[in-house]
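Please look over the structure shown here with attention to its helix packing, its strand pairing and its charged side chains. The report that follows takes these topics in turn.

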Amino acid sequence: KRKMAEAPAPSTKKGPLEPEQVSKILKEAIEETIGGQEFKHNMVGQWTKEIMDTSVRNLTAIKKNVKFMVTCIVLQKKGAGFHLASSCYCDSINDGSYSYRWENKSMNCVTTVFAVSL
């Protein structure tokens, strides 16, 4: 009789970073950039670049052996809803994806990080 291999014990680790740590980094990058601002269409490109650059810089400062991809969307609140989704196929122990949603009276911002271990 062949012995069946046992399934590995489930991991409590959810990717290379703690979700709370990523949320804190993303929140700080967003609030430093657009925290006290009203939506200005002509500033969105600059804001998203600054949020992404700050996020990548702060993420790489805490985790060197990981590649980070960051996306950011800033939308004006106009009474319409929006739906945003992302997906990735990865190793759930060593890789991960994280999202942070922020809003004020005039805009919504969603920033997503994909982290891939080297």
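## A serine between helix and strand

Leaving aside residues up to four places away in sequence, Ser55 touches Ile25, Leu26, Ala29 and Val70. The model in which these contacts are found is a predicted one. Ser55 itself belongs to helix H2, and its relative accessible area is 0%, so Ser55 counts as buried, the cut-off being under 20%.

## Packing of H1 against H2

Two packed helices are described by the angle between their axes and by the distance between those axes. For H1 and helix H2, which spans residues 44-62, the angle is about 145° and the axes are 9 Å apart. The crossing that H1 and H2 make is right-handed.

On the H1 side, the contact is made by Gln21, Val22, Ile25, Leu26, Ala29, Ile30, Glu32, Thr33 and Ile34, while H2 contributes Trp47, Glu50, Ile51, Thr54, Ser55, Asn58, Leu59 and Ile62. Sorted by character, the residues of this contact between H1 and H2 comprise 10 nonpolar, 5 polar and 2 charged. Ser55, already described as buried with a relative accessible area of 0%, is thus one of the H2 residues in the contact, and Ile25, Leu26 and Ala29 of H1 are among the residues that Ser55 touches.

## Strand pairing around S3

Strand S3, made up of residues 107-117, is mostly covered, with 9 of its 11 residues buried. S3 pairs with S1 in the antiparallel sense, and this pairing runs over 11 bridges. Within S3, Ser117 is the residue that stands opposite Val66.

S3 is also joined to S2, by 8 bridges, and these two strands likewise run antiparallel. Cys109 of S3 has Trp102 standing opposite. The connection from S2 to S3 is a hairpin, made through 3 residues.

## Salt bridges

How many salt bridges does a search of the whole structure find? The search gives 4, and three of the pairs are described here, beginning with the side chains of Glu28 and Lys24, which meet with a nitrogen-to-oxygen distance of 3.2 Å. Glu28 and Lys24 both lie in helix H1 (residues 19-34) and are 4 residues apart, which means that about one helical turn separates them. Their exposure can be stated separately: Glu28 is partly exposed at 33% relative accessibility, whereas Lys24 is exposed at 52%.

A second salt bridge is formed by Glu103 with Lys77, whose closest N and O atoms are 2.5 Å apart. Because Glu103 lies in strand S2 (residues 96-103) and Lys77 in the loop between strand S1 (66-76) and S2, the pair ties together parts that are 26 residues apart in sequence. Glu103 is partly exposed, with a relative accessibility of 39%, and Lys77 is likewise partly exposed, its relative accessible area being 31%. Glu103 also forms a salt bridge with Arg101, here with the closest N and O atoms 2.9 Å apart. Lys77, Arg101 and Glu103 are in this way linked in a network of salt bridges.

Note on methods: Residues numbered from 1 in each chain as written. Predicted model: local features only at pLDDT ≥ 70, side-chain atom pairs only at ≥ 80, totals over all residues. Heavy atoms only, no water. Buried < 20%, exposed > 50% of the residue type's maximum accessible area, 1.4 Å probe, protein only. Axes fitted to C-alpha atoms, helices over the stretch in contact; angles between N-to-C directions. Left-handed = near helix turned anticlockwise from the far one by under 90°. Contact = heavy atoms within 4.5 Å. Nonpolar A, V, L, I, M, F, W, Y, C, P; charged D, E, K, R; others polar. Pairing = 2+ DSSP bridges.
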